[in-house]
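The following exchange concerns aromatic ring pairs and the reasoning behind their classification.

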Amino acid sequence: MSTPALNALVHTMRYEAKGIVSLELHPAMGDAVFPAFEPGAHIDLHLPNGLVRNYSLLNPATERQRYVVGVLDDRNSRGGSRYVHQQLRVGMVLPVSAPRNNFPLCESAQHSVLLAGGIGVTPMLSMLQSLAARARQVEFIYCARSRSEAAFVRKIESYAGLPGVRLRWHFDEEEEGPPDLRQLLAGHTADTHLYGCGPAPMLYAFERTCEELGYANVHIERFAVSSASVSAVAERVADELNGYCVELRRSGKTLQVPVGVSLLDALLEAGISHDYSCKEGLCGACETRVLAGEVDHRDSILTKSERAANNTMMVCVSRCKRGPLVLDI
């Protein structure tokens, strides 16, 4: 598992919108500070029920005395968000990991577009704060099913009127339908950076629309494995008739990965200590440097160009496509 960096005290829990609470975490050790983070980063919460869940940090990245996350009471919860909403209490202490960032903000970009869907607003808040502080041009588009389900609206509205900041809202209930992303995203220059975070259907439409509009600088944060990734994996299962070998360069070992076993599980079974968290290719905790070989990438983090570069892989879901596969482990 990912190694906790510090113990965090649940200092405050706030109702933010229908089905959404925020957690303000402070270092449990007096005057200690948390590890620094950048906009777009997330942390792992090690919950008392044994589950580990990652949540985006939404407070300003300049703060070291607290971490703030937002948690949706997911109707499809596997026990994490349900525990937070029903059993977590102020005063409890949780181990937390150091921040990781699979969704980095290009703070030097002259113009950025932040598209948030529902609870996907959380990483966008820290990004908005950073861009506004640097007086960058930023368009913030917040979509939700209804106004009552939109969290942190007052905080976002506090940026209205600042130089370079434009806020746009879309509530399905009021607009009688989902957003027209082509209309919302059209008209930007080629050097604009666009960020999307939210439910899978919205992200699929966001990617497709950006491609149609010719935007190259597109960044996505997923909270669940994309249906496209699941389908692709299902189609390739029949081709996995053989296991494969992996050379662990730093350990000086060669490992056989059997059919039907993930590379991560094979590492752990062999007694190789390796960080991991979600085991779904979403969080980036298990990202590993690839020294040789071609990887069959099955994560929901790496971009097309990053996959083509073949420099790293998520060992929890990805596997060897063409060997020999050599890893920096």
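The questions and answers below address the ring pairs of this predicted model.

Q: How many aromatic pairs does a search of the whole structure find?
A: The search finds 6 aromatic pairs.

Q: Why is the pair of F34 and Y67 called stacked?
A: Planes under 30 degrees apart count as stacked. The planes of F34 and Y67 stand at 10 degrees, with the ring centres 4.0 Å apart, so the pair is stacked.

Q: What makes F34 and Y67 a link between distant parts of the chain?
A: F34 belongs to the loop between β2 (20-27) and β3 (42-46), while Y67 is in strand β5 (residues 67-72); the two are 33 residues apart.

Q: Why does F34 count as buried, and why does Y67?
A: Buried means under 20% relative accessible area. F34 has 1% relative accessibility and therefore counts as buried; Y67, at 0%, is therefore buried too.

Q: Why is the pair of Y142 and W169 called tilted?
A: Centres within 6.5 Å make a pair, and planes that are neither under 30 nor over 60 degrees apart count as tilted. Y142 and W169 lie 6.0 Å centre to centre with 45 degrees between the planes, so the pair is tilted.

Q: Which parts of the sequence does the pair of Y142 and W169 tie together?
A: Y142 lies in strand β8 (residues 137-144) and W169 in strand β9 (residues 165-171), so parts 27 residues apart in sequence are tied together.

Q: How do you know whether Y142 is buried or exposed?
A: Its relative accessible area is 0%, so Y142 is buried.

Q: Why is W169 called partly exposed?
A: Partly exposed lies between 20% and 50%; W169 has a relative accessible area of 30% and is therefore partly exposed.

Q: Which residues do ring pairs link into a cluster?
A: The cluster consists of F140, Y142, W169 and F171.

How values were computed: Residues numbered from 1 in each chain as written. Predicted model: local features only at pLDDT ≥ 70, side-chain atom pairs only at ≥ 80, totals over all residues. Heavy atoms only, no water. Helix = DSSP H or I, 4+ residues; strand = E, 2+ residues; numbered from the N terminus. Buried < 20%, exposed > 50% of the residue type's maximum accessible area, 1.4 Å probe, protein only.
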